[in-house]
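Student: I am new to this structure and should like a close look at a single part of it. Would you please choose one strand and follow its surroundings step by step?

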Amino acid sequence: MAITGIDHIQLAMPAGEEQAAREFYDGLLGIPEVPKPASLAGRGGCWFETGSVRLHLGVEQNFSPAKKAHPALLTDNLAALVHALEAAGYAIVEDQPLEKYDRRFVNDPFGNRIELMQPR
């Protein structure tokens, strides 16, 4: 018995903020929104998927952002992504270097920590 992969990552978001999620995850990060299954659509939130990247945002009552736990998303152009995020008003945070990667951190519109990584 072994774990063979990750199906998706889920982050929490506050109720009624789906448009802000779309603007950030689809508009800025470039992960297209996909329809949620009809059986789950009434719960709110959004799903974003491209290739093997599947990031789901679910509405959480009494929402509190993930400040330490985070997904690490790979990009092929970190500089351009950082530029686009800064132009949209997002603060970018540098951290300790990580072997074989350039990386930065950004908070999504709800305060969830997101790591952006580009292999060197």
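Tutor: Let us take strand β8, which is mostly covered, with five of its seven residues buried. The model is a predicted one, and β8 spans residues 113-119.

The neighbours of the strand come next. Strands of a sheet pair through backbone hydrogen bonds, either parallel or antiparallel. Here four strands form an open sheet in the order β5-β8-β7-β6, with mixed pairing. At the edges stand β5 and β6 (92-93), each of which has a single partner strand, so one side of each is left without a neighbour in the sheet. In the order of the sheet, β8 lies between β5 and β7.

On one side, β7 and β8 run antiparallel and are joined by seven bridges. The two strands form a hairpin with five residues between them. Within that turn, glycine 111 has a positive phi of about 95°. One pair across these strands is phenylalanine 105, which stands opposite glutamate 115 of β8.

On the other side, β5 and β8 pair in the parallel sense, over three bridges. In this pairing glutamate 115 of β8 has alanine 72 opposite. Glutamate 115 thus appears in both pairings, opposite phenylalanine 105 and opposite alanine 72.

A helix also belongs to this picture. The buried residues of helix α3 (residues 78-87) pack against β8, and also against α1 (18-28), β6 and β7 (101-107). Which residues of α3 are buried? They are Leu78, Leu81, Val82 and Leu85. Seen down the axis of α3, these buried residues fall within an arc of 100°, so they line one face of the helix. An α-helix has 3.6 residues a turn, so residues three or four places apart point the same way. The face of α3 turned away from the buried side carries Ala79, His83 and Ala87, which are exposed. After the helix comes glycine 89, with a positive phi near 95°.

Finally, β5 leads from β8 to the largest pocket. Both β5 (72-74) and β4 (53-59) supply at least two residues each to the lining of this pocket. The pocket holds about 470 Å³ of space and is lined by 18 residues. Nearest its centre lie Ile31, Val53, Ala72, Leu73 and Leu74. Ala72, the residue opposite glutamate 115 in β8, is therefore worth finding again in the display. By character, the lining comprises 12 nonpolar, four polar and two charged residues.

The other contributing strand, β4, has partners of its own. It pairs with strand β1 (residues 9-13) in the parallel sense over five bridges, and leucine 11 has leucine 57 of β4 as its bridge partner. With strand β3 (residues 46-50), β4 pairs in the antiparallel sense, again over five bridges, and phenylalanine 48 stands opposite leucine 55 of β4. β3 and β4 form a hairpin with two residues between them, and glycine 51 in its turn has a positive phi of about 55°.

How values were computed: Residues numbered from 1 in each chain as written. Predicted model: local features only at pLDDT ≥ 70, side-chain atom pairs only at ≥ 80, totals over all residues. Heavy atoms only, no water. 1 Å grid on protein atoms, 1.4 Å probe; cavity = no way out; pocket = protein on both sides within 12 Å on 5 of 7 lines; lining within 4 Å. Points joined across faces, edges and corners; volume = space filled by probe spheres on them. Nonpolar A, V, L, I, M, F, W, Y, C, P; charged D, E, K, R; others polar. Pairing = 2+ DSSP bridges. Buried < 20%, exposed > 50% of the residue type's maximum accessible area, 1.4 Å probe, protein only. Arc of directions from axis to C-beta. Contact = heavy atoms within 4.5 Å.
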